[in-house]
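Reader: I should like to go through this structure by way of its aromatic pairs, its helices and one of its pockets. Please reason each answer through from the coordinates.

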Amino acid sequence: MKYSLQFSDALHILAYLKMFEENEGITSQQIADSVNTNPTRIRRIMGKLKKAGLICSRSGVANPSLAKSVDEITFLSVYQALDEPQRVIPIDENTNPECPVGRNIKKALAIEYDQLDQVVKQQLAKMTLADLMAKL
């Protein structure tokens with residue numbers, strides 16, 4: 001099973017911006033070096049964070065910054081800013097309709113997964129970037 005690292009990387013980006021907010025000229029390359037990825041991936045994630053109103057940046061100008069205080073940025077707002085699946089734990093949509101398990105598993109799991117999603121999202125709403133920064 002492959003998991004998306006976008007959420008973790010988005011939190012990493014936000015923490016980096018906060019930690020180095022006094023530095024001028026923060027670039028996507030610098031952030032990419034910290035995340036250990038490429039700058040294109042960082043810019044793509046930052047575009048989503050900007051669209052969600054979590055960061056400020058100008059095209060062609062280095063030095064992105066947080067658009068809100070660390071207390072206002074919840075893990076849920078970061079998760080929702082990304083194009084992650086609606087469910088925290090996705091359900092395999094490609095099961096065999098000829099099999100009694102394959103035909104019914106999606107409906108059965110949806111009930112359980114909806115409950116899990118509510119619990120996870122409630123917890124994400126309580127966690128803030130300030131909490132993360134305190135641990136760094």
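Author: A definition is needed before the rings are counted: two rings of Phe, Tyr or Trp pair if their centres lie within 6.5 Å, and the planes count as stacked under 30 degrees apart, as edge-to-face over 60 and as tilted for the rest. The model discussed here is predicted.

Reader: How many aromatic pairs does this rule give?

Author: A pair of aromatic rings is described by the distance of the centres and the angle of the planes. With the cut-off of 6.5 Å between centres, the count of aromatic pairs comes to three.

Reader: Which kind of pair do Phe7 and Tyr79 form?

Author: The centres of the two rings are 5.7 Å apart, and the planes of Phe7 and Tyr79 stand at 85 degrees. An angle over 60 degrees is the criterion that applies. The pair of Phe7 and Tyr79 is therefore edge-to-face.

Reader: How many residues apart are Phe7 and Tyr79, and which helices hold them?

Author: The pair links distant parts of the chain. Phe7 belongs to helix H1 (residues 6-19) and Tyr79 to helix H4 (residues 75-81), and the two residues are 72 residues apart.

Reader: Is Tyr79 buried or exposed?

Author: Buried means a relative accessible area under 20%. Tyr79 has a relative accessible area of 10%, so Tyr79 is buried. Its partner Phe7 has the status that Tyr79 has: buried.

Reader: Which residues form one aromatic cluster with Phe7?

Author: Phe7 already pairs with Tyr79. The cluster also takes in Phe75, and the residues that join Phe7 are thus Phe75 and Tyr79.

Reader: What kind of pair do Tyr16 and Phe20 form?

Author: Their ring centres are 4.6 Å apart, and the planes of Tyr16 and Phe20 make an angle of 45 degrees. Planes under 30 degrees apart would be stacked and planes over 60 edge-to-face. The pair of Tyr16 and Phe20 is tilted.

Reader: Which burial class does Phe20 fall into?

Author: Its partner Tyr16 is buried, at a relative accessible area of 14%. Partly exposed covers values between 20% and 50%. With a relative accessible area of 30%, Phe20 is partly exposed.

Reader: How many of the 14 residues of H1 are buried?

Author: H1 reaches 20 Å from its first C-alpha to its last, close to the 20 Å expected for its 14 residues. The buried residues include Gln6, Asp9, Leu11 and Tyr16. H1 is largely enclosed by the rest of the structure because the number of its buried residues is 10.

Reader: Which residues does Lys18 touch, not counting residues up to four places away in sequence?

Author: Lys18 also lies in helix H1, and at a relative accessible area of 25% it is partly exposed. Beyond its sequence neighbours, Lys18 touches Leu66, Val70 and Met133.

Reader: Is Asn36 buried or exposed?

Author: Asn36 lies in the loop between helix H2 (28-35) and helix H3 (39-51). Its phi is positive, about 65 degrees, although Asn36 is not a glycine. Since its relative accessibility is 71%, Asn36 counts as exposed.

Reader: What span should the 13 residues of H3 have, and what is the distance between its end C-alpha atoms?

Author: The expected span is 1.5 Å times one less than the number of residues. For H3 this should give 18 Å, and the distance between the end C-alpha atoms agrees, at 18 Å.

Reader: What covers the buried residues of H3?

Author: The buried residues in H3 are Pro39, Ile42, Ile45, Met46, Lys48 and Leu49. What covers them includes H1, H2, S1, S2 and H4.

Reader: Which elements give two or more residues to the lining of the second largest pocket?

Author: About 240 Å³ of space lies in the second largest pocket. Of its 16 lining residues, the closest to the centre are Arg43, Met46, Ser57, Arg58 and Val61. The elements asked for are H3, strand S1 (55-58) and strand S2 (61-66).

Reader: How many residues of each class line the second largest pocket?

Author: Here the lining residues are sorted as nonpolar, polar or charged. The lining of the second largest pocket has six nonpolar, seven polar and three charged residues.

Terms used: Residues numbered from 1 in each chain as written. Predicted model: local features only at pLDDT ≥ 70, side-chain atom pairs only at ≥ 80, totals over all residues. Heavy atoms only, no water. Phe/Tyr/Trp six-rings, centres within 6.5 Å; stacked < 30°, edge-to-face > 60°. Helix = DSSP H or I, 4+ residues; strand = E, 2+ residues; numbered from the N terminus. Buried < 20%, exposed > 50% of the residue type's maximum accessible area, 1.4 Å probe, protein only. 1 Å grid on protein atoms, 1.4 Å probe; cavity = no way out; pocket = protein on both sides within 12 Å on 5 of 7 lines; lining within 4 Å. Points joined across faces, edges and corners; volume = space filled by probe spheres on them. Nonpolar A, V, L, I, M, F, W, Y, C, P; charged D, E, K, R; others polar. Contact = heavy atoms within 4.5 Å.
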